[in-house]
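Me: Got a model I'd like to walk through with you. Can we take it one question at a time?

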Amino acid sequence: MIRVGLALLAVLLTLEPVCGQERTPRNANYSIDVKLDAQRRTLTGRETLTWTNIGGGPAGELQFHLYYNAWRNRDSTWMREAKLSEWWPPRDDLQAGDFASIDISSVKITGGALPAADLTTRMTFIAPDDGNTDDRTVMSIPLSAPIAPGETITLDIAWVSNIPRPFARTGVVGNYFFLGQWFPKIGVVDASGNWNCHQFHVLTEFFADYGVYDVRMTVPLAWPLAATGVERERRDNSDATTTYRYYQEDVHDFAWTTSPDFLERTARFEQPGLPPVEMRLMLQPEHAAQAERHFEGTRTTLRYYGEWFGAYPYGHITIIDPAWHSETGGMEYPTLFTVGTRWLNPLADIYVEDTAVHEAGHQWWYGMVGSNEFEDAWMDEGINQYANVRADAEALAHGRQVIRFFGGFVPWVFGDVRWDRVIDGDGIASYRSGLTTDIQSTAAYKWWPKDAGPLAYSKPALWLHTLERALGWPMMQRMLQTFFEKWRFKHPRPGDFFLVANEVSGRDLGPFFDQVYRGSAVFDYGVENVSSISKGANSFMSDIVVRRYGDGIFPVEVLITFADGSTRREAWDGGGRWTRFSIAHRSRAVSAQVDPDQILLLDINITNNSFTTEPRRSQAAAKWASKWMVWLQDQLLTWAFFV
Amino acid sequence: MNMSGQRAEGRGQTAEGGGQPPSLGYGALFDGMARVAQSPVILGCVYLATLVTAVPFSMLMRDSIASHLGNSLAAEEAARGFNYRWFIEYQAQAGELGRTLRTTIIGFAAVLDNLSALADKEARPASMLWLGAAYLLLWLFLAGGILDRYARKRPTRSWEFFSACGVYFVRFLRLAPVIGATYYVLFAYVHPFLFNEIYGSLTRDVTAERTAFFYRLGLYAIFGALLIAANMTFDYAKVRAVVEDRRSMIGAIAASLRFIRRNFSAVARLYATNGVIFLAVLLVYALVAPGVGGTSLRVWLGFAVAQIYLLARLWVRLVFFASETSLFQERLAHAGYVASAEVPLPEPPIVEQVVG
């Protein structure tokens, strides 16, 4: 009975707030009318923005993101960085009509603290990050008078956009349109009163204030459409178009998609103790049989993230299955996210479920906890990666390694190779590939583009996972839950997370964060030698030498195993370059393992973590070399076709 | 045996077998299988050649793995089953060749990996390419002896076999630039044209992966057909070079093309049947291919199964040769028609004394 009461209380506490009750400051509210010309691949839009300065000082200008200009030409900062990136490699198949643009035709003040004025002629492009004069992704509009903190203005903005062939998960392929980063979006005035409105970079995308979005989208007649929020209205027009109105409160972005091919599926998430969520899936026809897999991934997140961190509050969520090679898969927007699956997709390949878990997870780490992705990309991607993989481990144990052959179309399941949380989830190989290229505390948009992935995803996932193993999951869960509750619908910085971590754990985790976040310490512990000498009948003195090969310091345990099967654990603070354990025992030591429980997942070399006096390297080497030889022989025979 | 007479006979026959009644080609196939079965030593020989070529690199790989594992306990799990963490660590830290130790070497994935790499023109380490070149050279050397043996359809002594290898190796070396150039054009120009330009253009606005997959299958079929056409041409060029003792390799290619044109149906059917046998071998191996393996016994059992598969692959390649030889002889010559060069043996020292 008490349990039922508590569950009811939890549901009540997490229900949608009643009308007028605001979760967020709602200082950036958009009312948008936009029309898609599917033939010309253009958007014609007009938005009314009601903006309140909630920053720490007056705003003498307005700054807007014009994301679509990132693909206006090959000289934008995004395109220049793409040349250095493996994430969005430069494409050589671009044709003239594949580029994008967003051109503002008018900007007017129509109400609020400042008198009505036409600001159109005052628009300039600025490049606060790199001074690139060819970059037009940030627009500045000087004001005749500053807008003081707490003051509100209303702006009317009209624009026309060319929709690109997809870049960075927005654009058009065939008759599939995915529109993200598509409207003029105001930047953020920070606590010091300065604008935080970065150019569009190849690996960083979001930072915006919360508000209410009321958007009317006109598309060709009866084309199915999905968007952030819920549909409020739909009407067919006389010009063979349909207008959809979607509405959502307390979000910081808005995305939508339309295609005549979409199949629609719905399901409901229900879990004791959590509010129900209506799930809507827009599916490609060739993936009709995979609908449940999308829902399953989403359910996993709604359940585990809901239980671990806090309930999903919006009551509805939309999942988009993007068109093939649209490059719009795996992307998060408020109350909507894209996944991406394959036509031939065995159940053992959990990519679709994992992606759904990850992108749904961004509703917490990006959507509700609105960190600055331009600067602190790890706060949404890294924390979410860690949590997503943890949820995977709970729900997707059936995963196996799958490799695709023949142009990536034909999957092959390795039944013997189980999905591994550290390898396939946290991405330890990716982390190791970019160990020292950059320091995580450097603003994310300044990271070396090639290694931004490891810094945003795998490194934080691994150091969070390391903390979990060191502190225990209950502590870790409490830490993240506290951080979530404290910073939900706000803009936390890394220091805020570290503060919560210290407070909740009751420990000074600063030295650890100094190494993994403020530095690029390399962790590598190893056992150098195990030796024993006889000291008489049933008496041996064993020496175990343990080394720290990297510059990273972490307290470790050493497990020593003796010939009689007994074991002994020794602790080492890990500070020195080496240490020796001299142990008297009734039998000789046969092996030693540093960090035997693999708590320090950041260790770059696990193989040297152990030493045995009875190595089986010959058997292992013979086994794997023989398998490799078969592969080589087969390769030779394949080539023999040519003779 | 009057070889010159036979050559004259061969040249005099201009019909290129075109006047023969159509056959299903199975006769040549079964005859080819019989010829391969009659000379198991050849199968053993090419298997040994493959093994010997692969062993040195495998020894290097073994040493590299052993060195990486050192005295680590990681070896226990790697020996017992699959130590995923050690595996990816080794990949990350190994050299160019070592990085090819991927999960794709396990079981039937190895076959898919190699076929896929061929179909998609994926790069392999330079050292492997050199090894592959050496292996192809070895095949080129053996091809003359193999074809000579199958054409004769009777046992030959080893000196006869190797003398035929030597004689035709020189000729096939002259054929090699043509073979190389043809495949170079196919992979360097035709492949990118098909799979980058045509495929890119066909799928540019395609939103369904299934459609793209079928486009790709179609392009694989086209590219495969070109490879098969080249392969068939060079196979029959070699067959004709050996059976008719041709010295001009350009002439052998022209003769091969003539033969294929005049007997296209039978040639194509034979090739397709051989292809089906090849696919059947792959299918069987897909069903029985060993996985990661556990104890030593299972590992070596798995290795033995894989070697049987490789033997079967080699057998298929030899059946290709033998059945093509058989078909050619059925259509244009006969078993006794073989005109390989006679190797003049030196006189024994006793001759000096006898003559003296």
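Me: What share of the residues of chain B counts as buried?
Reply: This is a predicted model, where local features need pLDDT of at least 70, side-chain atom pairs count only at pLDDT 80 or more, and totals for chains, interfaces and linings use all residues. Residues are numbered from 1 along each chain as its sequence is written, chains are lettered from A and ligands numbered from 1 in the order written, and side-chain values use heavy atoms, with hydrogens and water left out. Buried means under 20% relative accessible area, exposed over 50%, and partly exposed in between (1.4 Å probe, protein chains only). Of the 356 residues of chain B, the buried share is 52%.

Me: How many helices does chain B have?
Reply: Helices (H or I, at least four residues) and strands (E, at least two) are DSSP runs, numbered from the N terminus. Chain B has zero strands, and its helix count is 13.

Me: Which helix gives the most to the largest nonpolar core?
Reply: A nonpolar core is a set of buried Ala, Val, Leu, Ile, Met, Phe, Trp, Tyr and Cys residues joined through side-chain atoms within 4.5 Å. The largest one has 290 residues, and Trp182(A), Trp256(A) and Phe497(A) touch the most other members. The top contributor, with 15 residues, is helix 9 (residues 209-243) of chain B.

Me: Which helix of chain A helps cover the buried residues of helix 11 of chain B?
Reply: Buried residues of helix 11 of chain B include Leu270(B), Asn274(B), Ile277(B) and Val281(B). An α-helix has 3.6 residues a turn, so residues three or four places apart point the same way. The cover includes helix 9 and helix 10 (249-262) of chain B, among others, and from chain A, helix 12 (617-640).

Me: Which side chain of opposite charge is nearest to Glu359(A)?
Reply: Glu359(A) sits in helix 4 (residues 351-361) of chain A. Lys and Arg count as positive, Asp and Glu as negative, with His and the chain ends not counted. Glu359(A) is buried yet has no salt bridge (a side-chain nitrogen of Lys or Arg within 4 Å of a carboxyl oxygen of Asp or Glu). At 6.0 Å away, the nearest opposite charge is Arg169(A).

Me: What is the phi of Arg41(A) near?
Reply: Most residues other than glycine have a negative phi. Arg41(A) lies in the loop between strand 1 (28-37) and strand 2 (42-52) of chain A, and is partly exposed at 24% relative accessible area. Its phi is positive, near 60 degrees.

Methods: Contact means heavy atoms within 4.5 Å.
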